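Hi everyone, thanks for making time this morning. I'd like to walk you through one model, so let me put it on the screen.

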Amino acid sequence: MCDTFKRAGIREEDKPRVAASVKITVCDQMGRGVIFRIKRVALLSKLQHAYACTVGQDEASLKFLYDGQRIRDGDTPEGLQMSDDDVIDVALEHVGG
Amino acid sequence: MNKRNTIVDDVRAILATVPWAGLVRGFDNGEPLHQLATYATRRWFSDVHENQLLDLLRLAVGRHPEGRRTEVENIAFWKFLVNGYQKRAEGTYQEARHFLRPRGVGEALERGIWDQVGFIVNLHNTHWVSICVDFPKSKIFYGDSMPGSSADPYIVEVLNWWISCHSEHAFTWEMMDITYQNDVVSCGLLSWNGLAHHLLPNEFPLIPASEVQDARLRLLVEIMNRHLDHVSNQKHCV
């Protein structure tokens, strides 16, 4: 990659940069948000754990959704192609009868 | 052997083949397998079960020639609409990436790519109701298994706002054909059944209130079979 830029005559400061981390807001059903910065390759389960600790809830009772889909154990911001200021929704399980 | 014994035997047979550790395969959300036990009880359905049922319905609709212009959304869809409604003064719905999904559905309906969208809504963490928004007919069908009920005012407010973002027409509200529950546990099943019947009446007849327990067991077998199909497919891939 470096050679490619050199050959193309692109200076170091002009190279496109992919941030190593992303800023993500975890937003609850009341619209309250908690902002986290997380490495793009880190597991989102770390963020989920940190959120549960921050709000004092049992992690197992919370559901974390990105674009309406549940976040799975092995998901990372990179894997989900997340970008800065993206929002993860968090919800308690709902029931009805 | 009567019909009831047959379905109970089917459940017993399938329970004997499924390990209760791990996640359910073949559905959008890989939920823990033990959550499926709820289908064989009289416990309330949670969003886990509603999403699984909506996944089954989406598959059925997708396979059906008449279903090509219908979208079935999961439980999160309503949360997006509520969120957009709450932030309507800031205009974030029209701009923010967060609302890409509901905006995409709205635009597909607006452009006539889809005719209708169906989904299920939880009310006050105690009750499930179903909704189908039909753009060509300019109608919103509302399914509530509680006899004598009418559309929840907050749902009316939020949906009217969302529709106004994508259509200039005035939509009218109509009650969906649905089985009324005669217990305090079946709204999750009957709201889904009402929506399924509304979208594909021949494939999904209305479940009589007296047969809700059998229907729960039949759905358990269907979900387990789908799970087993996916587990065995995965093994072949390896």
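I'll start with chain A as a whole, move to a helix pair in chain B, and then come back to two residues in chain A.

Before anything else, please keep in mind that this is a predicted model.

So, chain A. How many helices and strands does chain A have? There are two helices and six strands. If you follow the sequence from the start, the order is α-β-β-α-β-β-β-β, so you can trace that on the screen while I talk.

Chain A has 97 residues, and 39% of them count as buried. Its accessible surface is about 5,900 Å², with 53% of that belonging to carbon and sulfur atoms. As for contacts, take those between residues at least 6 apart in the sequence of chain A: 51% of them join residues at least 24 apart.

Now over to chain B, and a pair of helices. In general, two packed helices are described by the angle between their axes and the distance between the axes. Here the pair is α2, residues 47-63, and α7, residues 187-199, both of chain B. Their packing angle is about 15 degrees, and the axes lie 11 Å apart. Because angles under 35 degrees count as roughly parallel, α2(B) is roughly parallel to α7(B). The crossing of α2(B) past α7(B) is right-handed.

Which residues make the contact? From α2(B) we have B:E50, B:L53, B:L54, B:L57 and B:V61. From α7(B) come B:G188, B:L189, B:S191, B:W192, B:L195, B:A196 and B:L199. By character, the residues of this contact split into nine nonpolar, two polar and one charged.

Back to chain A for the last part, which is about backbone angles. Most residues other than glycine have a negative phi. So what is the phi of A:D67? It is positive, about 55 degrees, although A:D67 is not a glycine. You'll find A:D67 in the loop between β3 (62-66) and β4 (69-70) of chain A. With a relative accessibility of 26%, A:D67 counts as partly exposed.

A:D85 also deserves a look. A:D85 has a positive phi of about 70 degrees, and it is not a glycine. Where is A:D85? In the loop between β4 and β5 (86-92) of chain A. Its relative accessibility is 49%, and because partly exposed runs from 20% to 50%, A:D85 counts as partly exposed.

That's my tour. Thanks for listening, and I'm happy to go back to any part of the picture.

Technical notes. Residues numbered from 1 in each chain as written. Chains lettered and ligands numbered in written order. Predicted model: local features only at pLDDT ≥ 70, side-chain atom pairs only at ≥ 80, totals over all residues. Heavy atoms only, no water. Helix = DSSP H or I, 4+ residues; strand = E, 2+ residues; numbered from the N terminus. Buried < 20%, exposed > 50% of the residue type's maximum accessible area, 1.4 Å probe, protein only. Contact = heavy atoms within 4.5 Å. Areas by Shrake-Rupley, 256 points an atom, 1.4 Å probe, with all protein chains shown as cover. Axes fitted to C-alpha atoms, helices over the stretch in contact; angles between N-to-C directions. Parallel < 35°, antiparallel > 145°, perpendicular 65-115°, else oblique. Left-handed = near helix turned anticlockwise from the far one by under 90°. Nonpolar A, V, L, I, M, F, W, Y, C, P; charged D, E, K, R; others polar.
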